[in-house]
Amino acid sequence: MAAAASTSMAATAVLMHRLPAAQQVAVFSPLPHRPSLCSTQFKQLKVTRRSSQLLVKASSSDETQLDANELFTDLKEKWDGVENKSTVLLYGGGAIVAVWLASTVVGAINSVPLLPKVMELVGLGYTGWFVYRYLLFKSSRKELATDIEAIKKKIAGTE
């Protein structure tokens, strides 16, 4: 612990020497002093009995590997199966523009003081209402499931 403290003090001294001589500035941090982790501390952690119980070994499995060629061939087959390629490109471009526009609007709202906190409260209120209305009781969960299925049918055009 003393070595870590002296290391951080030495780093502070090096940083202080890089400041111009006329501007000697005292550094005050609102955060408590946290010693840096060096390799000797990691070695000590590995030796402890508690950490030896928490060892996790990674295993390689052929089932989880993603083959890039297979992914590209699947995408190519799906793209070749699309009849209206121009419509897909138009919707894709529109989606990208919509995400960019939404990002700009959220950034503008976030820059207004106090408005982000109000929006958080509105979001929390709506989340609470949604949980109470649709997720708390079994009958309302069934109603939500039927509503979702109806929306899926409208989107797919099977209705």
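## Close-up views of an all-helix model

**View 1. A nonpolar patch on the surface.** Val112, Leu114, Leu115, Val118, Met119 and Val122 together make a nonpolar surface patch of about 520 Å². The model shown here is a predicted one. If you would like a residue to centre on, try Val118, which sits in helix H6 (residues 115-135). Val118 is partly exposed, with a relative accessible area of 38%. That value qualifies Val118 for the patch, because patch residues need over 30% relative accessible area.

**View 2. The chain as a whole.** Before zooming in again, here is some context. The chain has 7 helices and 0 strands, and its pattern along the sequence reads α-α-α-α-α-α-α. How many of the 159 residues count as buried? The share is 3%. The chain exposes about 14800 Å², and carbon and sulfur atoms supply 66% of that area. Turning to contacts between residues at least 6 apart in sequence, 19% join residues at least 24 apart. The whole structure holds 3 salt bridges, and the next views take them in turn.

**View 3. A salt bridge within helix H4.** Lys76 pairs with Asp80 here, and their closest N and O atoms are 3.4 Å apart. Both residues belong to helix H4 (residues 68-81); they are 4 residues apart, so about one helical turn separates them. Are the two partners buried or exposed? Lys76 counts as exposed at 54% relative accessibility, while Asp80 is partly exposed, with a relative accessible area of 48%.

**View 4. A salt bridge between helices H6 and H7.** The side chains of Arg133 and Glu143 meet at 3.0 Å, N to O. This pair links distant parts of the chain, with Arg133 in helix H6 and Glu143 in helix H7 (residues 138-156), 10 residues apart. Arg133 is partly exposed, with a relative accessible area of 31%. For Glu143 the relative accessible area is 31%, and this residue is likewise partly exposed. Helix H6 may look familiar, since Val118 of the nonpolar patch is also placed there.

**View 5. A salt bridge within helix H7.** Staying with helix H7, look for Glu149 and Lys152, which form a salt bridge with the closest N and O atoms 3.5 Å apart. What separates the two along the helix? They are 3 residues apart in helix H7, which means a separation of about one helical turn. Glu149 counts as partly exposed at 39% relative accessibility, and Lys152 counts as partly exposed at 49%.

Note on methods. Residues are numbered from 1 along each chain as its sequence is written. This is a predicted model: local features need pLDDT of at least 70, side-chain atom pairs count only at pLDDT 80 or more; totals for chains, interfaces and linings use all residues. Side-chain values use heavy atoms; hydrogens and water are left out. Patches are made of residues with over 30% relative accessible area and no salt bridge: like charges are joined within 9 Å, nonpolar side chains (Val, Leu, Ile, Met, Phe, Trp, Tyr) within 5 Å. Accessible areas come from the Shrake-Rupley method with a 1.4 Å probe; for residues, only the protein chains shown count as cover. A salt bridge is a side-chain nitrogen of Lys or Arg within 4 Å of a carboxyl oxygen of Asp or Glu. Buried means under 20% relative accessible area, exposed over 50%, partly exposed in between (1.4 Å probe, protein chains only). Contact means heavy atoms within 4.5 Å.
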